[in-house]
Amino acid sequence: MKTLPLLVVILLSLLVASCGFYQPRGPSYGPSLADLEEAEIPDDPMPVPQVPLDVIEDSYRAALAVANDPDTRQRILVRLADIEMARSENRQLEATEQGDYFKDAITMYEELVQLNAANAGEDGLPNNERLLYQLSKAYALGGDLRKSNEVLDQLVGKFPGSNFAAEAEFRRAEQAFSDGNYALAEKLYGEVAMKGAGTPFHMNAVYMKGWARFKLARYEEAIYSFVEVLDTTLIKGQNLEDLSNSQRNLVADTLRVSSIAFSYLDGAESITQMFAASPLVEGGQRHYQFMLYMSLGDLYLEKKRYRDSADTYRHYVKHFPTTDQAPSFSSKAIEVYNEGNFPSLILPAKEEYVRTYGINSQFWAMRDNSAHAIIRPTLKIYLDELSSYYHAKAQALESAEEPTENPVTVYLTAAELYEQYTRTFPQDARTPEMTFLMAEAFYSAGKLDSAVNAYEKVAYTYLDKKYGAEAGYAAILTMQKLMPTLPEEQRLAWQTRHINSGISFADYYPHHKEAPAVLTKAAQDIFQQGDIPRAVTIATRMTEWQPVPENSLLKTSWLILAHSRFDLKEYDAAEISYRKVLEYMEANDPDREQVVERIAASMYRSSEQQIAGGDKAGAITRLLAIRDISPGSEAAISGQYDAANYMMELKQWQQAELTLLDFRKRYPDNKLVATIPAKLAVIYQESEQWGKAAGVLEDMAANSSDPNMRRQSKYLSAELYEKSGRTADAIAQYRDYANNYPEPFDIATEARAKLVELYGKTGDSSKRNYWLQKLIDEDKRAGSKSTPRSRYLAASASIKFANDDFSRYSAIKLTLPLKNSLKKKKSALDKTLASYKNVLDFGVAEFSTEANHRIGTIYAQLSKDLMNSQRPKGLDDLALEQYEILLEEQAYPFEEKAIELLEANSARSQSGIYDDWVKRSFEELAKLLPARYGKKETRLESSDAIY
């Protein structure tokens, strides 16, 4: 350290002395320069040489000796007086005993004042105000305050606008305050304050004016002055840390004395009322107002007025609940309750704190993270304490014989507090534990859905090592308890969640003893929901679990896997899985038979896939193998039956016959036995065992309970008997069918036609004609049910009967007596025409042309027969000629009629009908009208020689 330069030492000494001299005699209002730590001057690379005061004085006296200008000489004399003043102050600072150190300095300043006054008039030169100030200071430092005040009065009187005047007035006010003359002090402080902030004593004056009013017990007015100090010192937006030490001390002292004043009034209520409506305080609320409440509360606490202290803090919170300072006031009140031993008030106050400032509050919502960080520590303590308290209280109420409260409500309160903790401190080390306790509280309160949410968060969000496994398992058990209570529309979603939770439990906590059982249950539930691929995945995982779980779990897992494979149509894999299930079943297990049946069903379905793939032979072998593992199962029964069918498709007739006969023997009471005769009938037909086939069908016709089956079997047996050459049996079956099954009409018609055919073969004309007539009669009776086939057969039968009549008609010769034979002929004619008319009524072209032709030939034949009839004997030539003429007249109309009918029939060729009977009509016309119809075709021949 280097020694300070002389001038710096002098100036510092003057400044320190000045500050010490003007320090208020009342309460401290802030630090002075004397409070500062000693300044340390750094080494100067170009140090100024230190000059003692004596050397400086000598220099000024040497200058005075040669100075002629009065103004210069006056200035040098002032410098010499200041040097003496500085030397006096140094001697006083270094002295160890009382002495008159300022005598020479006083003398020099008095001489200068008198000299200036003499040279410049009564008021003296303008710099006299400084000389008077220095003189007053010298008197004060020398201990002569009366003289000092007289000089100050002189200074104020002569130089009222001087800066030194303000200090002078302030020193006068200080003296009045020190003397206990508070009214005068208030007046003088007020005059200094009125000079404005331009003077360095303004703020001290305002502050001390408040003290003077305080001493006069005018507390509200005193507070007005203190508020002015705070308004000026505490600029909005600044923190206390931004103030200088002296300013901070001034604020602290102002708050302290203000608190005392408010305590003499109505305490916190006085603060509120003053800033709300008092005319003494302009501008309403202040940004620093909270400091007044805090200072007042602290004052009460210092005096051990605990209730008043806490009430003050709470009063602030009540009136300013959303300010940034409100939480600290609330926590201060709780501290006071604790310190003052008010246990009954602590818990409600902490609850109020959480409610007012916690994460669910409006206060919290209005602030950012930096503000949250301030209150989080307190919230953490209170939430922990409150949640633990209510949880323990709920447990006690639950176990009490006569609880004073509903434990459910208390559990919910605990849960809500736990929940606030977890949301307020999501990253805290204790959050998983608090979440678990929240889940426990929700569970105890019956809020199972909320409990599940919390348990799963512990288990799968936090993955907490201490509580995770327990929470994960608890979530599963809680969901199992919850789901039966839910409406159907909600249950499915929870079932899915239960499944996912179980899988997560097995994923994250595989070493938990319940993990295999939980995963198995998840696989079951997945299967029941129909998510088969996922069920396969989970069940497969269980079958591979290590260490190997107990048999019951493996049995269930393999069973799920088997069912799933079956549903996925993976039947071979399903069969393998079902066989694995058997490995974990006791011989007397009641479910064993069902599993065996499922194996059989898998084999059966597998054979279906073989069929679809074209491997019928392999499918037959697999179907028949089902009998070996499950002889009486439905699959075995269906398998053998289907095997026979596939054998038939493969035309393995002998094997199919044996398999069906074995089936009938094994399962005589099975309903499928009733279908075997039909299949045997097919087999016998395909293997050309017509008689056997007919016999089977005859049995079916006799024994089937199905009327339609009986009918069909009857007809088919007739056909097969016919085919086997057993005509009598065929006729019996056709006849039985025709007599008993008129419907369907078309098949009954065919049966009658078959009887006509077979009786024709046997030569039984009578019975043949009977069934021919049946064809005619039944077709006429059928009405709208008549078919082209039935009409054809009826027309065919009719033409047969008509031709028979025609033959009988043609056989009748006209003999004498002509009248008798002609009558007989005419009768046969009418019958024949009627028969052919019946044929025409059926409208079948094939037989209509024949009928028309026959009718035409009938008339032509009659004409010819008349002309060829016997002549009477004994007629002369004239009579014979006349007889001939008469015959011609009789025969001619018949010939004309024949021509007309034959021409009509031949005209059908123009419509595209030209069958044998139309052709015959043309031939007959050629005989009757050779000129028209007997011409030969002339062909025009040409030559290609030209080419």
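**S259 and its contacts**

I started with what S259 touches in this predicted model. Skipping the neighbours within four places in sequence, I find S259 in contact with L292, S295, L296 and L299. I then checked where S259 sits: helix α11, which covers residues 245-264. Buried or exposed, I wondered about S259? S259 has a relative accessible area of 1%, so I put it down as buried, the cut-off being under 20%.

**α18 against α19**

Next I pulled up a helix pair. Two packed helices are described by the angle between their axes and by the distance between those axes, so I looked up both. Helix α18 runs over residues 369-399 and helix α19 over residues 407-424. They pack at an angle of about 155°, and their axes are 8 Å apart. Because angles over 145 degrees count that way, I noted α18 as roughly antiparallel to α19. Which hand does the crossing of α18 and α19 have? I have it down as left-handed. I also went through the residues of the contact of α18 with α19: 13 are nonpolar, seven polar and five charged.

**A62**

Last stop was A62, which I found in helix α2, residues 53-66. Its relative accessible area is 46%. With buried ending at 20% and exposed starting over 50%, I logged A62 as partly exposed. I also took the C-alpha to C-alpha distance from A62 to R73, and got 11 Å. In sequence, A62 and R73 are 11 residues apart.

Key. Residues are numbered from 1 along each chain as its sequence is written. This is a predicted model: local features need pLDDT of at least 70, side-chain atom pairs count only at pLDDT 80 or more; totals for chains, interfaces and linings use all residues. Side-chain values use heavy atoms; hydrogens and water are left out. Helices (H or I, at least four residues) and strands (E, at least two) are DSSP runs, numbered from the N terminus. Buried means under 20% relative accessible area, exposed over 50%, partly exposed in between (1.4 Å probe, protein chains only). Contact means heavy atoms within 4.5 Å. Axes are lines fitted to C-alpha atoms, for helices over the stretch in contact, and angles run from 0 to 180 degrees between N-to-C directions. Angles under 35 degrees count as roughly parallel, over 145 as roughly antiparallel, 65 to 115 as roughly perpendicular and the rest as oblique. A crossing is left-handed if the near helix is turned anticlockwise from the far one by less than a right angle, and right-handed if clockwise. Ala, Val, Leu, Ile, Met, Phe, Trp, Tyr, Cys and Pro count as nonpolar, Asp, Glu, Lys and Arg as charged, and the others, Gly among them, as polar.
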